[in-house]
Amino acid sequence: MSGHSKWANIKRQKAVVDAKKGVTYAKMSREIMTAVKLAGSDPSLNVRLRQAIDKAKAEGVPNENISRAIDRACGNLNNSQMENLVYEGYGPSGVAIIVKCQTDNRNRTAGDVRSYFSKYGGNLGESGCVNWMFVEKGIIEIEPGNNIEDVITMAIDNDANDIDDSQKDSIFIYCKPENLANLTTKLGTVALIKSFKTETCPNLTKEVDNFDSAKQLLKLIDILENHDDVDEVIANFDISEEWLIEISKLS
């Protein structure tokens with residue numbers, strides 16, 4: 001997901017708009033609520049909840065918002081029925097896009113997502129139409145240190161699939177999603193864990209070689225990401241870093 005990763009890095013460098021903070025807080029709260037409903041309210045026993053809380057804190061969500069979301073999911077506050085939905089389709093230049101949502105109104109979410117695809121040169125498809133191009137991976141980010149050999153040995157001995165130590169500030173360990181919890185615990189004995197998560201990654205990327213199509217695609221992704229019901233947008237595009245920087249200055 002090279003293009004999407006580069007675009008995310010550029011956006012992180014921009015100032016955070018207060019209006020978008022509200023959207024982020026709502027998305028984090030929904031993820032926490034879903035995790036609690038699936039596996040309980042104890043983060044030490046619920047890996048997904050631990051991930052959701054860590055992500056919420058990293059996004060600056062206040063502790064009281066996190067506690068309120070857990071209470072709401074436990075039924076201590078007004079409890080709304082949330083539903084997980086996944087939409088698949090194609091954006092400009094034939095880029096494959098997956099949109100993961102949490103919603104209390106399926107019709108509203110489906111209508112909005114469909115209209116966004118249509119407005120920005122894409123097509124919403126049937127379930128499974130692009131899913132085959134992606135794979136779920138567990139990703140553990142650790143602090144680099146002097147004990148890299150111990151980290152590599154521990155990772156290999158506990159079913160890691162790949163190790164990326166090419167970055168200056170972090171080492172990334174990849175594994176199957178079902179091995180994430182055990183591998184995170186094991187690596188935590190020899191290294192400082194910065195984050196751990198499951199992520200949907202493309203098996204192949206689609207190069208976008210038309211500047212106007214690139215602008216339209218990124219606009220589609222941006223408007224989807226900022227919808228209240230959307231948790232995550234994954235795409236398999238590859239756009240040159242020069243174009244990404246130029247487009248970011250136009251937005």
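Trainee: What share of the chain's contacts with a separation of 6 or more comes from residues 24 or more positions apart?

Mentor: They account for 72% of them. A contact means heavy atoms within 4.5 Å. Keep in mind that this is a predicted model, where local features need pLDDT of at least 70, side-chain atom pairs count only at pLDDT 80 or more, and totals for chains, interfaces and linings use all residues. Residues are numbered from 1 along each chain as its sequence is written, and side-chain values use heavy atoms, leaving out hydrogens and water.

Trainee: What is the average pLDDT of the chain, and which elements have the lowest and highest means?

Mentor: The chain averages 85, and 88% of the residues score at least 70; pLDDT is the predictor's confidence in each residue, from 0 to 100. Helix H1 (residues 2-13) has the lowest mean, 53, and strand S3 (residues 123-124) the highest, 96. Over residues 13-19 the pLDDT is below 50, and this stretch has three contacts beyond near neighbours in sequence. Where pLDDT is low, the predicted coordinates should not be read in detail.

Trainee: How many helices and strands does the chain have, and what makes a run of residues one or the other?

Mentor: There are nine helices and 10 strands. Both are DSSP runs numbered from the N terminus: a helix is H or I with at least four residues, a strand E with at least two.

Trainee: How do you know what span to expect for helix H3?

Mentor: Take 1.5 Å times one less than the number of residues. H3 (residues 47-58) has 12 residues, and its expected span is 16 Å; the model reaches 17 Å from first C-alpha to last, which is close. At the start of H3, a side-chain oxygen of Asn46 comes to within 3.2 Å of the backbone nitrogen of Arg48. After H3 comes Gly60, with a positive phi near 85°.

Trainee: Why is Ser213 called buried or exposed?

Mentor: Set the value against the cut-offs: buried is under 20% relative accessible area, exposed over 50%, and partly exposed in between (1.4 Å probe, protein chains only). Ser213 has 18%, so it counts as buried. Ser213 sits in helix H8 and, leaving aside neighbours within four places in sequence, is in contact with Pro92, Ser93 and Val208. Across the 251 residues of the chain, 39% count as buried; in H3 the buried ones are Leu49, Gln51, Ala52, Ile53 and Ala56.

Trainee: And what makes Ser93 and Asp159 worth pausing over?

Mentor: Their phi values are positive although neither is a glycine: near 65° for Ser93 and about 70° for Asp159. Most residues other than glycine have a negative phi. Ser93 lies in the loop between strand S1 (83-90) and strand S2 (96-103), and Asp159 in the loop between helix H6 (148-157) and S5. With 31% for Ser93, that residue is partly exposed; with 48%, Asp159 is partly exposed as well.

Trainee: How do you know that S5 and S6 are paired, and in which sense?

Mentor: Two strands pair if DSSP finds at least two bridges between them. Three bridges join S5 to strand S6 (residues 171-175), and these strands run antiparallel; one of the partnerships is Asp164 with Phe172. S5 and S6 form a hairpin with six residues between them. On to strand S4 (residues 134-142): five bridges join S4 to S6, with Gly138 facing its bridge partner Cys175.

Trainee: Why is S6 called largely enclosed?

Mentor: Four of its five residues are buried, so the rest of the structure largely encloses S6. Its open sheet has the order S5-S6-S4-S7 with antiparallel pairing, and the edge strands, pairing on one side only, are S5 (162-164) and S7 (193-202).

Trainee: What is the order of the sheet that contains S1, and which helix lies across S1?

Mentor: The order is S3-S1-S2-S9, an open sheet with antiparallel pairing. S1 and S2 pair over eight bridges, including that of Glu83 with Thr103. Helix H5 (residues 106-119) lies across S1, S2 and S3 at about 20° to S1, and helix H8 (residues 211-225) across S2 and S9 at about 155° to S9. Axes are lines fitted to C-alpha atoms, for helices over the stretch in contact, and angles run from 0 to 180 degrees between N-to-C directions.

Definitions and conventions:
Polar contact = N/O pair within 3.5 Å; in protein donor to acceptor, adjacent residues only side chain to side chain.
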